[in-house]
Amino acid sequence: MHTFHAQSCTISSLYDKTTGSFQYVLSDDASAQAVIIDPVLDFDVMAGATSTQNADLLLNHVLESGLKVIWVLDTHPHADHFSAAPYLAGKLGARTAIGEKVREVQALWKGIYCLPDLPTDGSQWDRLLADGDEIMLGNSRLRVMLSPGHTLASVTYIGPGCAFVHDTLMMPDAGTSRADFPRGDAQALYRSIRSILALDPETQLFVGHDYGPNGREPREMATVEEQRKDNIHVGGNRTEAEFVALREKRDATLPLPKLMLHALQVNIRGGRLPELEACGRAFLRIPLDYFTPPAR
Ligand SMILES: [Fe+2]
């Protein structure tokens, strides 16, 4: 785990090499109250097996550190991994939350998966967060900012001197996240990123993914100032039109994430696996010939 300090808070990050995901624990130093952000439930696609290695590392970390986790948060319904939010919330007596627009994502994917019984009211989470909502950790304030583009439900969590920007910006040498999932929007992504880059230049921005481009070690944090100056997609004076053209051109070449069709049906259930069927086992559904691979 890596540790960072930002004003009244400490941030610990845990990297999941399999999915290139960063998971975070943000804690208020004075009260030891904490949130976990974007925890991963492991999934072995070849074996169809879930496990809790990442989540248990987070669990051990917060227990050994004496932290009191009060919320387990997701920034958006992820397309590359299952959320471990309900597992960790259950172990820690914490509550779960996500951006309120997750209801629209539920409705969209309910149609794609043909799941007539799936509730699309967000009742799978303890709380749905709106733009401007606040979560208090002791005297440290965490503010919710809607930041659509990668998904329409994406939010950024802004704490004291830090922000968790999920899949908007990546590290400066990697650019930005894709915006081509259903209801993704490159123009909205650009505007969300501009709002993030309007934060104080010293703000530490923690990203959702890094894949270690050009052989470097995976990294999770760059400041607003570094992103403004060096980000290869939005740094300097790049205009919205230039960004949208660049993003859409690149997205047209990308295959779907390996686990997208597996993960979204779990994540629109708040990170819960499908219910057991009469035989006593649970099954994932894969829509056939709904998505097509990019043209070569
Ligand atoms: Fe994502």
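**Helix 4, the sheets and the overall fold of a predicted model**

The buried residues of helix 4 are Ala186, Ala188, Leu189, Tyr190, Ser192, Ile193, Ile196 and Leu197; a residue is termed buried if 20 or more other C-beta atoms lie within 10 Å of its own, exposed if 12 or fewer, and partly exposed in between, with C-beta atoms placed from the backbone. Helices (H or I, at least four residues) and strands (E, at least two) are DSSP runs, numbered from the N terminus. The model is predicted, and local features need pLDDT of at least 70, side-chain atom pairs count only at pLDDT 80 or more, and totals for chains, interfaces and linings use all residues. Residues are numbered from 1 along each chain as its sequence is written.

The partners of the buried residues of helix 4 are strand 13 (155-159), strand 14 (162-166), strand 15 (204-207), helix 5 (224-230) and helix 6 (240-251). Such packing is expressed through contacts, in which the C-beta atoms of two residues, placed from the backbone, lie within 7 Å. The length of helix 4 was also examined. Its 12 residues (186-197) should span 16 Å at 1.5 Å a residue, and this agrees with the end C-alpha atoms, which are 16 Å apart; the expected span is 1.5 Å times one less than the number of residues.

At the level of the whole chain, the secondary structure comprises 7 helices and 16 strands. The chain is as compact as a globular protein of its length, because its radius of gyration of 18 Å is close to the 19 Å given by the globule rule for 296 residues. The radius is taken over C-alpha atoms, and the rule is 2.2 Å times the number of residues to the power 0.38. The C-alpha trace spans about 55 × 50 × 35 Å along its principal axes. Of the 296 residues, 48% count as buried. Among contacts with a separation of 6 or more, 65% join residues 24 or more positions apart.

One residue with contacts to distant parts of the sequence is Phe206, which touches Ile11, Ser13, Phe22, Tyr24, Cys162, Phe164, Val165, Glu220 and Met221, not counting residues up to four places away in sequence. Phe206 lies in strand 15 and counts as buried, with 25 C-beta neighbours inside 10 Å. Although Phe206 and Ile11 are 195 residues apart along the chain, their C-alpha atoms are separated by 9.4 Å.

An open sheet of 7 strands follows the order 1-2-3-4-7-9-10, with mixed pairing; two strands pair if DSSP finds at least two bridges between them. At its edges are strand 1 (2-6) and strand 10 (127-129), each of which pairs on one side only. On average, neighbouring strands of this sheet are turned by 25° against each other, direction ignored. Within the sheet, strand 4 (residues 33-37) and strand 7 (residues 68-73) are joined in the parallel sense over 5 bridges, and Ile37 stands opposite Leu73 in strand 7.

In a regular strand the side chains alternate between the two faces of the sheet. Strand 11 (residues 134-137) shows this alternation: Ile135 and Leu137 point to one face and are buried, whereas Glu134 and Met136 point to the other and are not. Strand 11 pairs with strand 12 (residues 140-146) in the antiparallel sense over 4 bridges, and Leu142 in strand 12 is the bridge partner of Ile135. The hairpin of these strands has 2 residues between them, and Gly138 takes a positive phi near 55° there.

Helix 2 (residues 85-92) is largely enclosed by the rest of the structure, because 6 of its 8 residues are buried. These are Ala85, Pro86, Tyr87, Leu88, Ala89 and Leu92. Their cover includes strand 4, strand 5 (40-44), helix 1 (53-64), strand 7, strand 8 (82-83) and strand 9 (95-99). The axes of helix 1 and helix 2 come within 10 Å and cross at roughly 30°; axes are lines fitted to C-alpha atoms, for helices over the stretch in contact, and angles run from 0 to 180 degrees between N-to-C directions. At this crossing, Ala55, Leu58 and Leu59 in helix 1 meet Tyr87, Leu88 and Lys91 in helix 2. Just after helix 2, Gly93 has a positive phi of about 65°.

Positive phi values also occur in residues other than glycine. Asn214, in the loop between strand 15 and strand 16 (221-223), has a phi near 55° and counts as exposed, with 6 C-beta neighbours inside 10 Å. Asp289, in the segment after helix 7 (260-267), has a positive phi of about 60° and is exposed, with 5 other C-beta atoms within 10 Å.
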